[in-house]
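Okay, thanks everyone, let's get going. I'll put the sequence and the structure up, and then we'll walk through a few spots together.

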Amino acid sequence: GLTSFKGFPSRLENLEKLDVSENRISNGLHHIQDCPSLTHLCLSGNKFKEMSVLSPLNKLPKLSHLELANTPLSEEAEYRSKVFSALPHIKFLDGQDKEGNEASSS
């Protein structure tokens with residue numbers, strides 16, 4: 001599996017959804033910050049341990065759906081509120097909004 005985003009194309013203007021779940025990625029999200037159309041990002045099952053590695057995602061203004069389940073980060077206390085606080089533009093984390101309501105499948 002992937003361990004990093006090394007070699008990821010630099011500007012994917014029209015990329016809207018990216019699923020790199022179930023890999024061994026732990027950092028390097030700055031490699032995808034030049035994907036201005038990205039709305040859905042699935043990072044579940046990777047090795048993210050620190051909130052600070054998520055900061056490049058603030059450069060993705062359209063990103064509204066983020067999946068981080070099954071990562072060391074998702075096991076931290078107050079994980080959900082920390083992510084929503086650090087990334088205020090995120091609407092859904094692991095398929096639920098801030099209040100815990102499920103995302104609609106549309």
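So, to start: with which residue does Arg 11 form a salt bridge, its closest N and O atoms being 3.6 Å apart? That partner is Asp 34. And before we go on, keep in mind that this is a predicted model.

Now, where do those two sit? Arg 11 is in the segment before β1, while Asp 34 is in the loop between β1 and β2, so the pair links distant parts of the chain, 23 residues apart. As for exposure, Arg 11 is partly exposed at 46% relative accessibility, and Asp 34 is partly exposed too, at 34%.

Arg 11 has another partner as well. Its side chain meets that of Glu 13 in a salt bridge, with N to O at 2.7 Å. Glu 13 comes out at 38% relative accessibility, so that one counts as partly exposed.

How many salt bridges turn up across the whole structure? The search finds three. Besides the ones with Arg 11, there's one where the side chains of Lys 82 and Glu 76 meet, at 3.1 Å from N to O. Lys 82 is partly exposed, with a relative accessible area of 35%, and Glu 76 is partly exposed at 31%. Back to the other group for a second: Arg 11, Glu 13 and Asp 34 are joined into one network by salt bridges that share partners.

Okay, cysteines, for anyone thinking about disulfides. A disulfide is a covalent bond between the sulfur atoms of two cysteines. How many does the structure hold? Zero. Take Cys 35: the nearest cysteine sulfur belongs to Cys 42, and that is 15 Å away. A disulfide needs the two sulfurs within 2.5 Å, so a pair 15 Å apart doesn't count. From the other end, Cys 42 is in no disulfide either, with the sulfur of Cys 35 as its nearest. Are these cysteines buried or exposed? Cys 35 is buried, at 0% relative accessibility. Cys 42 is at 15%, and the cut-off for buried is under 20%, so Cys 42 counts as buried as well.

Next, the largest pocket. About 230 Å³ of space lies in there. Thirteen residues line that pocket, and the closest to its centre are Lys 17, His 40, His 65, Glu 67 and Ala 103. Which strands supply at least two residues each of the lining? That would be β1, β2 and β3. If you're wondering about the chemistry of the lining, the residues divide into five nonpolar, five polar and three charged.

Last stop is Ser 44. You'll find Ser 44 in the loop between β2, which runs 40-42, and β3, which runs 65-67. Buried or exposed, then? Ser 44 has a relative accessible area of 9%, so this serine is buried. Leaving out residues up to four places away in sequence, Ser 44 touches Ser 21, Glu 22, Glu 67, Leu 68, Ala 69 and Thr 71. You've met one of those already: Glu 67 is also among the residues closest to the centre of the largest pocket.

That's my tour, so over to you for questions.

Methods
Residues are numbered from 1 along each chain as its sequence is written. This is a predicted model: local features need pLDDT of at least 70, side-chain atom pairs count only at pLDDT 80 or more; totals for chains, interfaces and linings use all residues. Side-chain values use heavy atoms; hydrogens and water are left out. Helices (H or I, at least four residues) and strands (E, at least two) are DSSP runs, numbered from the N terminus. Buried means under 20% relative accessible area, exposed over 50%, partly exposed in between (1.4 Å probe, protein chains only). Contact means heavy atoms within 4.5 Å. On a 1 Å grid over the protein atoms alone, a cavity is a set of points where a 1.4 Å probe fits but cannot get out, and a pocket is an open set with protein on both sides within 12 Å along at least five of seven lines; lining residues have an atom within 4 Å of a point. Grid points are joined across faces, edges and corners, and a volume is the space filled by probe spheres set on the points. Ala, Val, Leu, Ile, Met, Phe, Trp, Tyr, Cys and Pro count as nonpolar, Asp, Glu, Lys and Arg as charged, and the others, Gly among them, as polar. A salt bridge is a side-chain nitrogen of Lys or Arg within 4 Å of a carboxyl oxygen of Asp or Glu.
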